[in-house]
Amino acid sequence: IKDINYTSRDLKGNKYILIAKEGEIDFDNSDIIFLTGVTAYIKLIKNSELIVITSNYGKYNTVNYNTIFSKNIKIDYVDNTITGDYLDFSMINSLLIISKNVVYKNLKNIMKADVIKLDIITKDTKIFMHDSSAQVKVSNIN
C-alpha cells in the first residue's frame, strides 16, 4: 500500500497522526501493518505541543495504535531532540520508550544512554543504562 495515513485520538483528546510512504499488511495478523518511511505527529491537547517522530521503518497496530519505530529514529519536541534505533510508542499509556544508541539533546546538554522512557502527558522522563554500573554520559553544549 502506498501513502499510508492513519489518524486517531485518545480519551483525553490527544491526536496521533501516522504517515508512511509504504505499508504491507501482516498476513498472519491483519491488524498489523509494516511501514516504510514513517513520520508520526502527536498533538497534545493540554499544552498544544507537537511531538514529531521520524524513522525508516515502523510496525503499527490498527486496533490499539501501538507503534514500534526502527532505524534512524528522531523525536523532536519543543527544544529537545532524541535519536536512537528502536522506539516503542503506546498511545493508550502515553509512553515513549526509546532504546539502542540513544542521544538526547536540548539547548544546554547532550546525554547518551541506553534507554529513555518519556510520559508524553506528564513529561516524566527516566534516562538510564541497562548495566547498573554504567553511567549516563552528560556533556554541556557550550
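The legends below accompany close-up views of a predicted model.

**View A. Strands 4 and 5 pair as an antiparallel hairpin.** Here we look at strand 4, residues 50–61, alongside strand 5, residues 67–77; 8 bridges join the two in the antiparallel sense. Between these strands sit 5 residues, and Tyr-65, in the turn, has a positive phi of about 70°. To find your way along the pair, start at Ile-53, whose bridge partner in strand 5 is Ile-75.

**View B. Strand 5 also forms a hairpin with strand 6.** Strand 6 covers residues 80–90 and runs antiparallel to strand 5, with 9 bridges between them. The turn has 2 residues between the strands, and Val-78 in that turn has a positive phi of about 50°. Ile-75 is a handy landmark again: its bridge partner in strand 6 is Ile-82, while Ile-53 is its partner in strand 4.

**View C. The largest nonpolar core holds 29 residues.** Tyr-16, Ile-53, Phe-69 and Ile-75 have the most contacts inside this core. Strands 2 (15–25), 3 (32–43), 4, 5, 6, 7 (95–105) and 8 each supply at least two of the core residues. The largest share, 5 residues, comes from strand 3.

**View D. Tyr-16 and the residues it touches.** Zoom in on Tyr-16, one of the residues with the most contacts inside the core. Leaving aside residues up to four places away in sequence, the residues touching Tyr-16 include the aromatic side chains' owners Tyr-6, Tyr-41, Tyr-60, Phe-69 and Phe-89. Tyr-65, from the turn between strands 4 and 5, is also among the residues that Tyr-16 touches. Others on the list include Thr-7, Ser-8, Ala-40, Ile-42, Thr-67 and Met-91.

**View E. Asp-119 is buried without a salt bridge.** Asp-119 belongs to strand 8, residues 109–119. Lys-123 is the nearest side chain of opposite charge, and it is 7.1 Å away. What the Asp-119 side chain does have is a polar atom 3.0 Å from the backbone nitrogen of Thr-122. Beyond residues up to four places away in sequence, Asp-119 touches Ser-94, Leu-95 and Asp-124.

**View F. Asn-93 is exposed in a loop.** This residue lies in the loop between strand 6 and strand 7. We call Asn-93 exposed because its relative accessible area is 54%, and the cut-off for exposed is over 50%. Look for Asn-66 too: Asn-93 and Asn-66 are 27 residues apart in sequence, and their C-alpha atoms are 9.5 Å apart in space.

How values were computed
Residues are numbered from 1 along each chain as its sequence is written. This is a predicted model: local features need pLDDT of at least 70, side-chain atom pairs count only at pLDDT 80 or more; totals for chains, interfaces and linings use all residues. Side-chain values use heavy atoms; hydrogens and water are left out. Two strands pair if DSSP finds at least two bridges between them. Helices (H or I, at least four residues) and strands (E, at least two) are DSSP runs, numbered from the N terminus. Buried means under 20% relative accessible area, exposed over 50%, partly exposed in between (1.4 Å probe, protein chains only). Lys and Arg count as positive and Asp and Glu as negative; His and the chain ends are not counted. A salt bridge is a side-chain nitrogen of Lys or Arg within 4 Å of a carboxyl oxygen of Asp or Glu. A polar contact is a pair of N or O atoms within 3.5 Å; within protein, one must be able to donate a hydrogen and the other to accept it, and residues adjacent in sequence count only if both atoms are side-chain atoms. Contact means heavy atoms within 4.5 Å. A nonpolar core is a set of buried Ala, Val, Leu, Ile, Met, Phe, Trp, Tyr and Cys residues joined through side-chain atoms within 4.5 Å.
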